[in-house]
Amino acid sequence: MALSPDLTVRETALLAGVSAKTVEKALEAGVLKAVPAPARFRGGAARFLPIRAVAFFHALDAADLADLPLRHRRALWDQLTTLKPGPLQAIEFAPGAALDLERLAAPALRYAERYRDARDRHIAPAPDGGAPVVAGTGLTVHAVLARLEGGATLEDLAAEYPAVLPRAFAAAQVYATTHPLRGRPKGRGGG
């Protein structure tokens, strides 16, 4: 079964609760493959992973199996990609060794699905071709992140923009976190 390219490497890592380096190492080892696809927005990432990669990385992390031998990680990924849509289940990846994906990773996968749906519905290209914006507002995703880091809440933003759902701002927060602005490193002032 071919899985659709849903999330960038950084989105996958953040939503799975692992480092981007962990995901990159799995790609380098050939455990799974990124799918090249057109970037969603100008200057964006062009390598994507199926959303089930979130379940894969989250389950390995939750079960403290980050050092699982390569052949077992590949077998686990192969099994995961053949599951039919619907609830996750336990996967036997070696004789007598199984991971209960429903228990270990279902909440992370559901969160990732909600994020993907909200991102696709509420994050739009800026009219001027700049950073993506929250649809229905003039706020870039990075402005949303800055406001949230400055103490605003999702509810505060939703109160300012009553036609926009809080999940749109939550998606903007994740998107901006996983798609940082290029240029001057954070924390360095101009001189």
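Val141 is buried, with a relative accessible area of 0%. The model is predicted. Val141 belongs to helix H6, which covers residues 141-149.

Which residues does Val141 touch beyond its neighbours within four places in sequence? The contacts are Ile123, Pro132, Val133, Ala172, Tyr175 and Ala176. Tyr175 also takes part in the packing of helix H8 against helix H5. Ala131 lies 10 residues from Val141 in sequence. In space, the two C-alpha atoms are 7.2 Å apart.

**Packing of H5 and H8**

Helix H5 spans residues 101-122, and helix H8 spans residues 166-178. Their axes are 9 Å apart and meet at an angle of about 100°. Angles of 65 to 115 degrees count as roughly perpendicular, so H5 and H8 are roughly perpendicular to each other. On the H5 side, the contact is made by Tyr111, Tyr115, Ala118, Arg119 and His122. H8 contributes Arg167, Ala168, Ala171, Val174 and Tyr175. By class, the residues of this contact divide into 7 nonpolar, 1 polar and 2 charged.

**Helix H3**

How many of the 11 residues of helix H3 are buried? The count is 8, so H3 (residues 52-62) is largely enclosed by the rest of the structure. The buried residues are Arg52, Ala53, Val54, Ala55, Phe56, Phe57, Ala59 and Leu60. Arg52 is thus listed as buried alongside Phe56 and Phe57. After H3 comes Asp64. The phi of Asp64 is positive, near 55°.

**The chain as a whole**

The protein chain has 8 helices and 7 strands. Its overall values are tabulated here.

| Property of the protein chain | Value |
|---|---|
| Span of the C-alpha trace along the principal axes | about 55 × 40 × 30 Å |
| Buried share of the 191 residues | 41% |
| Share of contacts (separation of 6 or more) between residues 24 or more positions apart | 59% |
| Exposed area | about 10400 Å² |
| Share of the exposed area from carbon and sulfur atoms | 53% |

What radius of gyration would a compact globule with 191 residues have? The value would be near 16 Å. The protein chain has 18 Å, which agrees.

Notes: Residues numbered from 1 in each chain as written. Predicted model: local features only at pLDDT ≥ 70, side-chain atom pairs only at ≥ 80, totals over all residues. Heavy atoms only, no water. Axes fitted to C-alpha atoms, helices over the stretch in contact; angles between N-to-C directions. Helix = DSSP H or I, 4+ residues; strand = E, 2+ residues; numbered from the N terminus. Parallel < 35°, antiparallel > 145°, perpendicular 65-115°, else oblique. Contact = heavy atoms within 4.5 Å. Nonpolar A, V, L, I, M, F, W, Y, C, P; charged D, E, K, R; others polar. Rg over C-alpha atoms; globule rule 2.2 N^0.38 Å. Buried < 20%, exposed > 50% of the residue type's maximum accessible area, 1.4 Å probe, protein only. Areas by Shrake-Rupley, 256 points an atom, 1.4 Å probe, with all protein chains shown as cover.
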